[in-house]
Each structure stands twice: as C-alpha cells, then as structure tokens.
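Student: Got a minute to walk through this one with me? I'd like to talk about how the chains meet and what sits on the surface.

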Amino acid sequence: MRVLDADPDWAWAPFEPSREHPWDRRLAAHLYRRAGFGASLDFIDAAVDAGPSAAIGAIVDAEEPSEFSADMARLAEANLATGNAQNLAAWWLYRMMATPAPLRERMTLFWHGHFATSAEKVGDARLMYRQNNLLREQALGDFSILLQEISRDPAMLIYLDSDSNRKSHPNENYAREIMELFALGEGQYSEQDIRELARCFTGWEIRRGKFRFNRYQHDTGEKSILGKTGTFGGEEGVEIVLAQRAAPRFLASKLIREFICDEPAPSPPLIEPLAQILRESNLQLEPVVRSILSSNLFFSARSVGRKVRSPVDLAVGLLRSLDATTNTYLVAESLRKVGQGLFYPPNVKGWDGGRTWINSSTLLGRANLMRDLLTSDKTRFAGSSLEELIDSQGLATASAVVDWWQQHLVAVPLTSDVTGRVMEILGGARGTREERLRSALLVLCTLPEFQLG
Amino acid sequence: MRTYSPCARAALGLSALLCLVAVSRADEANAPPEQAALSAAELLPPGTLFIAELPDPAATLDRVLNHPLIARLEALPVYEQAMANPDLAKLEAAVEYFENRLGTDWQSLVMTLTRGGVTLAFDGQSRGVVILVRSDDAELLERTREVVFEVGREEARKKGEADPYEPVEYRGQTAYKTKKGAIAVLGPWLLMANKPDLLRGIVDRYLGDDLESLSDSEQYQEALAARGPAPTLWGYVDVETLRDRGVAKHVFSGRAPHPLLEVVAGGVLEAIRTAPYVTARFDLTNDAAGLKIAMPLDPESIGEERTYYFGPEAQGHAAPLIHDDQMLFGVSVHRDLAEFWLRSGDLFDAQTGDQIAAMDSQLSTLFSGKDFGTDILGAFTPQMRIVAARQEFAEGEPVPSIKLPSFSLVLELRDPEQSQRELRRTFQSLIGFLNVVGATNGQPQLELDLVRTDDYELVTSSYIPEVGEEDSTTAPINVNFSPTIGFAGTRFVVASTTALATRLIEPADESIDATEEAVPGNTVVRVNASVLRSVLLDNRDQLIAQNMLENGHTREEAEAEVGVFMELMDAVGAVTVELHCARGELTFDLEVGLKGAGR
C-alpha cells in the first residue's frame, strides 16, 4: 500500500523560501485555498509582500470582530424562525463567504464532517445550529472540550439514537463512534471496550432538545475500558479515550489529510511529530494546525494541487476569490444535489472526500453548480458586474484576464490549449462582454485542472 | 443636466416610440373634411376582435407626471441612485437633441401629437395589429417626421443599410414601408400597422368607401353606450367571435379545473360561457387606480349548477364586510357550500367528482357519521366571511420569531340549537387529535378551555409555554395559534386565535353590526395595505435575512431595499375587489387606494 512518506524533520520544519522554491502568488494562493476558501488577488499579493510566516500568522490568529459574530447570530436567528435546516445551510454559506476568519470556518466545516450529524434525522434546525456554534467555538481550540461537549450534544445524540440510554439496555452507538470515528480509529479498541464505555453513558438523555443526566438510569457499577477500571461516568469515559496514545495520532492523521493531500495516507513516522505537538499541548488544535500550515510539506509539490476540491470549496472558493456574492439558498440546494448538503452529511462517517467527490454524475453536477453560480443574475462581483471587476483590475486583453484568473483561481498550471480556448470565448462576438466573460470563466471552472485545489 | 422621474421616463419612452415610427406629411387640406371627423371605430374593420383606447393621452400624461405619488417616489434615496444610471444619461441626451431641433419640450410634443387619442386594435380577419394616433398639429407632425427620418436614415447609412422608410402610394396617399409594417398619415391620423391589408382597409374607409366598420356592430355600440364617463383607458373584446372560433376552449367551457377555483371564480366562468363581449376600463385619479371588467350576464341563462354561486334568480349577495382595526384583509361572499358540495358531480369531471366523494366519506366519519354536505355544510347560510388580522403580543407572553396574522371564518347557523353541540364536539376532538399527533413529535400541547357569558360561548385552546420560555421573544411558530370557536346566537366563528375570535364574537348583534359596512354584491375582498405593511414590519428581521441570503446583500443593502419596499407599501391605501351581478351584467371591480406625498 502506498503511503505518504517524507523525512519528518524536513516535512514539518517551517518553510523557508529559496530561489528554487520562492514565496510567490502560487504558494500564497495555495495557503488561502487550504486555510480558507480562497482569496482575491489583493489578499494574495498582500500575503506575498508580508512573507510566509506573517501571512500564516495572520490567517491562524484571525478572529471575527464581535460585531460580525453578532450580525451572523442575528441572521441565523431570523432564519431559524422557519425551522428549516436547508435555510440554515444558506446562512452558513453566507457566513463562509463573509467571514474575516476563514480558517475557523474551514475548521468548522472539517469538524462537521468529522462529527457528522444530519438534520434529516435530527429534524430540529435549532439543535443543528447549536452544534454548529459548538464546532466553530472549538474549531481551533481544545479537542478534549470539543469531544466532551459533542458527547452531550443533543443533535449528535439524537442522530446516533442515543437520546435515551438506560442501564438495562446501554446504547452502544455513541460509544462505538467515539472510538472508531471521533478519537481513536479502527483497531485501537475491542468490542468489550465499546460495551463498557456504553455503560458509562447510561443515564445520559436528551429531553426537549436539552441534555439531562438521569441518575436513576446510570449504571454505577465498575467498568473496565482500555485498561482502566473504575466506576466511571460518561465524562471519565471520554477522558480515558482521549488519554490513549492513539488519539493524537488519529487526529494528526486526519488533519494531514485535510490540509496536505487526500492520498496516500501518511506514514506513522510522518504523523508522529504532529501527534507529539498535540500531546504536549494537551490536545490544543491551533498549534498543530499552525505547524502544518507553516511546513515544508504543506508548500511542497506533494500538497499543492493534490486535493480534489469539495463542492463547498468549488462554490465558496470561486465566490470568495472573485469577491462575489450570490443567492445562497440556491447554492445550498445545488450543493445538496452534488453530495455536500451542509447539515446533511450522508452518514455518520461524514463525507469520504478525495476522489469520491468525482464520478460520472457528480462531474456533471459540479459543472451545473458552476453554471448556476455564473449565470445567476444574483451573482455580483465586488457588488457589480464581472466586467466592472475586470476593468477595475486594469485587465485590457483576453490574455491578461486569463492570466489573472489563473494566478488565483487555479492550483495547477493550465496548458496553452486550454488558455487558448478560454481566450477564444473572450475574444468572440457572441453575447455581451459580460456574457462572454462569464462564459469563459465557466469553461475555466469546469476544467479538470479547476477540480484540484 | 436635467433629470426625469421614473414616470416621466416611461412617458419619454412613449415619446421616443411615437417619434421613431415617424410620420409622412399631414396634409389635412387634401383630406375630405367630413372624413377627418371619423372615429377610430369608424375606420376599423367589423372583424376587430380587440380594441384598447387611450382617449385623452395628454390628460393622462399630465395626471401621471403631476401625481402626488411621483413626488413621493422622487423623495426616495433609491431614486437618486437610479438617476445616476449612465443609460438614462444617454436617453436624456437624445431627448434634448429632439427638443432642440423641434423647439419644444418632450411633454408638449407628446401631448400635441396624441391630442385626439391613441387606439390599439387587433383585426381577426387579417390577424393584423394597428395603432391609430390622432394629432392636432400638422406642422409639428411634419417637422417631427423630418427630424426622425433624418436620424433614422443617418443611423441606417452608418450601418450601410438601405433607406428604412420606403415611400409607397395608395389611392393618392403616401405611406412608408418599414421593416415591421407600414406607416401612413391620413389627415389628423397617424397609422401604424403590421399588415398592409389592414392599413388599406382603413384608408378605404377614410376615403369614403361604403364599407362596414366596427362602429356598425350592435354589440360594440352596446358596449360603448355602457362605457360611462371618459375613462383613462378603455378596452373591448369580442368574446363571442373568439368562442365561435374555438379559441381558448377551456376558458369558455364554463368548467373550473379545480374545486377551489370553482368556488372563487365559478361565476365568472359561467358568465364568460355566454357573454358576447367583455369590456374593461381603467381610471386613474390622485386618490385611486381602478379597473372595472364587465360582461353581459342574463340571469335566465345561468345554469342550475351555479345557483350555489349566484343564489336563486341571481339574487344572492354577500353580507357586509366585518370591520376590525387590525384587519389585514376581509372577504365576504355568497356561496351555498352545501349546494356546491352536493352538485359537485355536475360541476367537475369524473375524477374530481370521485375525489370529492371520497373526501365526503372521510369528513362524514370525522363528524360522527353526519352527512357532511347536508348536515354539516347545510347547517350554515350561504353568507360566509373571512377576516385576517394582525396579531399583537402582550408583554410577558411568549412572542414568536415569525409573527403570523390570525385568521377567522365567520358563518351564520340556520339552526343554532341543533348545530352548536356537534360543532363543539368536533372541535374538541380535533384539538385532542392534534395533541396526540403533536406529542409523538415532541410538539407543545394545546390546552382546552371554555368561556361562557350571557351573550356568547368560546371554546378556546392555547399552547402551554415551555418552562423558562414564558416570556421568550423567539418562541416557535406554534405560538401564533390558539385555535378557538365561538357561538353567539346564529353567529359561528372559527378562528386561529382566541383574541380574534373574541373580538368577532364579543360585540354579537350590537357594536359589530354598527361597524359592518354595507356592500351589496356577490363577492367583496378588501386588503388593508397599511396593516399589511405593519405585518411585514413585525417580521422585518426575517425579511432582511431573506434578502441577505437571497441576494447576497450586506445587512445595510438589505435594510435599504426592504426600506424602499416599505415606503412603496406606504403609498398604497386599501385594495378592494368586488364582484357584482346586477342589471344584466357581471362586473369585477378592483380599486387600489393611493396616498400622495406627505400623507
């Protein structure tokens, strides 16, 4: 089996630009794509000027102003009045496009896939919203707190049929998922560990959308989990899981897949330094994410353009990169059609990602998603038309336009055949200039090269 | 640079249209004097199926430009933004060019060129459309023609195209062929038609040939006689010919495709099945805009199956509208629903009839085996009223995030003694059913209560607030509802809230009748735009949120757009729709109240 292997010392050492490997627009754009959803060329140029260290620091340390958070909360509240989680997905997309702290939003999306919970089953948009807020709050925070909180999160427990856990019939669903999917990974526990951990969660209930501990239904007997024995409760059970050496390794492995490349899976020696950072920081997430984003491996050919863009990356990435806004209800609906409905992950494992984003039906769906975005009259670029955005950048020729797009929208170089096709549309006579620009951009966005990020 | 209001720009468009089609020499001296006085109907062929007349465009333009609503629109911030549109600047420059060349402002130009009225007609025989414009200044007409032709020819020359105005002679008259038809001037008339045959027929009539015209049609004469005082816009459609030719068969079949459509518009479908023509008039004043559509309806010709709609001998009329300070809209109709239900086999196709029969069986079960058509619907008189009102939420009560209006149906019982018990029991069963279903979905429960006074009785239900959420300001949507029924004498009220039911039942036969407005007619609907605006303002946060997500706007942009919408809403008063069946015709009246600046 192929593995992602590299000298760990080199891989996780901070990236230092050199003549052979300069810090330029291409790498800055890569940073913004992976650590957010893409950025306009103005941001990219500012990052190039600032240098990699300062640019990464600005991204990781970015915080949302309280006014922005309050405005988004108000927008969410107004949406929640409809009780429709699909409307909430539109709200989240709006937030992704507007946030001044895109890394936190990307990590929120990462945790949404990690702690997959679907509104389809939960059936309560407000519970989904509360979980979403929890994921955002701890997106770069303390994984121990995140796991403890998610273990008593009403949406999660309803989703896993664990909203009524009685001592006479301990529900093993959550105990299994916490070990297999959330913290340790397969092969790190036994069926007996699952049964014992499930006993710890007895008495944990959800009533009317709120967590409740029913002491009469809690199994107060002695349990043995992963080598520890005692009369553990739910919190202690989670602590035991988190204390396993496999936990930071499992987490580091998932973060490498998120930020470096979809495949192959990283080798154990490559994972270990990041696992060590997690252990030393008591499972704080920000230090390990900062290390990944600063590393040689992150800016190497093994990472740049080595991930298949998710539908959210495609849509939000394009919009953010071109300073665009649109009808997010329609985007939410289109995302659902191509398999990444926000608040509607397919199962408890979340989205598989990687190559699974692309198949014969989703490829057409992804093209339609781009078409929907670029043909919608609600899509505005910097509050105006694409033509005006292009003019404001002083791009006078078709080749200048294509170059400009290439530099911040595409992760891998385009061939001259491809750029020639796009320029042909730009220089054609069909439709207005705005229509030609949008058509050319659509062709660019449906290229195989554009599917990589 | 001068600026124009939106309406002025609309008028500018009309001006440009009239100028661009251009004219030939208006030589009234060559026209037979008696022919110059002919009306448009005297020039049009007898087969004219549709005619629309703007009898006094000058007055209409003047009214529009000086309407108080225009001042109100001009005061909006969005108006200034619209004025900054570069396309508008181009149009203004073009208008200035024409004004300078013709030595008159565009308003005067349009008024003079159209002083005698504008008519649009469609001839069924030639399938041609013609526009007839009557001017009163031949010299200005000629100068306008010269300037417009000059500009048109220059544009064509730049594009390397041929002369766009090719002169042709017909019986001594000059017409101009264009790409899309022909243009001619006959005395005071400017004619534009897309079919040469149609234009030639008009010329023949103008030159005195003894040809039949639309004005010879008795049907048209009858419609014209019923027109009344000069309208802003008037239209006539020869429905009989359309029907005979098999146009839109489903419309003229008299059948509604859906029961709801039948209840709402069955009477109109009945009338249009036999009406020879339909007329429409539009009137604009400073205070209102009104549309009246009329068609002859002989009560004798009404089918038996539509007695439920019009009443015996078409004498059925709605009860007066109920007045309520917070009324969003009110509806009052005459519909004998028991008869409608029992005659459904005659009104609908077999499939719909089967569906109604199945529903009848289910509803009879719900009402303890009573026959739904005869016993339940038959318990009410044909006069039905619906009231929707804005809700107000008291302090200390849960307030929902989305504030819905409350709704009520007000009916009169034929035999209160016999019906009240059954209705009360059914309501209680329904609430119990809702509680059982709600409980399985974790929904809050409704609590039943009974209020009895000397004058009335209310059976109320209300949601019990969650502990700790008694004064929540973001309560769920359920809080909008407290289903209630009430009895007072013959009156029966079923309402979505106890508050509205109480208001409608409390006055019983005293004060409420004093506030009822007497409006005879088959159907009356009134929408109170100011209350609608209040309802929307109650939900402003939701409107803004929707705008942000739907248009990708920032909060500031969304607030501005919603603000403009509210301003426009504020300019509208009450909207009233009435359907009358009297004096051998069926009339549909729509009136929209308008508020001027500063009101």
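**Where the chains meet**

Tutor: Sure. Across the interface of chain B and chain A, eight residue pairs are in polar contact, both partners at pLDDT 80 or more. Keep in mind that this is a predicted model.

Student: Which helix gives the most to the side of chain B that touches chain A?

Tutor: Two helices of chain B, H24 (540-551) and H25 (555-570), each supply at least two residues to the side that touches chain A. The top contributor gives eight residues, and that's H24(B).

Student: How much area is buried between chain B and chain A?

Tutor: The size of an interface is often given as the accessible area lost when the parts come together. Here the contact takes 22 residues from chain A and 20 residues from chain B. Carbon and sulfur atoms give 47% of the buried area, which comes to about 1,800 Å².

Student: And which residues in chain B lose the most area to chain A?

Tutor: Together they make up 35% of what that side buries: B:Leu549, B:Glu550 and B:Arg555.

Student: Which side chain does B:Arg555 meet in a salt bridge?

Tutor: There are three salt bridges between chain B and chain A. In one, B:Arg555 pairs at 2.2 Å, N to O, with A:Asp71.

Student: Now the surface: is B:Val437 buried, partly exposed or exposed?

Tutor: B:Val437 lies in helix H20 of chain B and joins B:Leu366, B:Leu430, B:Phe433 and B:Leu434 in a nonpolar surface patch of about 440 Å². Its relative accessible area is 37%. Buried means under 20% and exposed over 50%, so B:Val437 is partly exposed.

Key: Residues numbered from 1 in each chain as written. Chains lettered and ligands numbered in written order. Predicted model: local features only at pLDDT ≥ 70, side-chain atom pairs only at ≥ 80, totals over all residues. Heavy atoms only, no water. Patch = residues over 30% accessible without salt bridge, like charges linked within 9 Å, V, L, I, M, F, W, Y side chains within 5 Å. Areas by Shrake-Rupley, 256 points an atom, 1.4 Å probe, with all protein chains shown as cover. Salt bridge = Lys/Arg side-chain N within 4 Å of Asp/Glu carboxyl O. Helix = DSSP H or I, 4+ residues; strand = E, 2+ residues; numbered from the N terminus. Buried < 20%, exposed > 50% of the residue type's maximum accessible area, 1.4 Å probe, protein only. Contact = heavy atoms within 4.5 Å. Buried area = accessible area lost by both parts, 1.4 Å probe. Polar contact = N/O pair within 3.5 Å; in protein donor to acceptor, adjacent residues only side chain to side chain.
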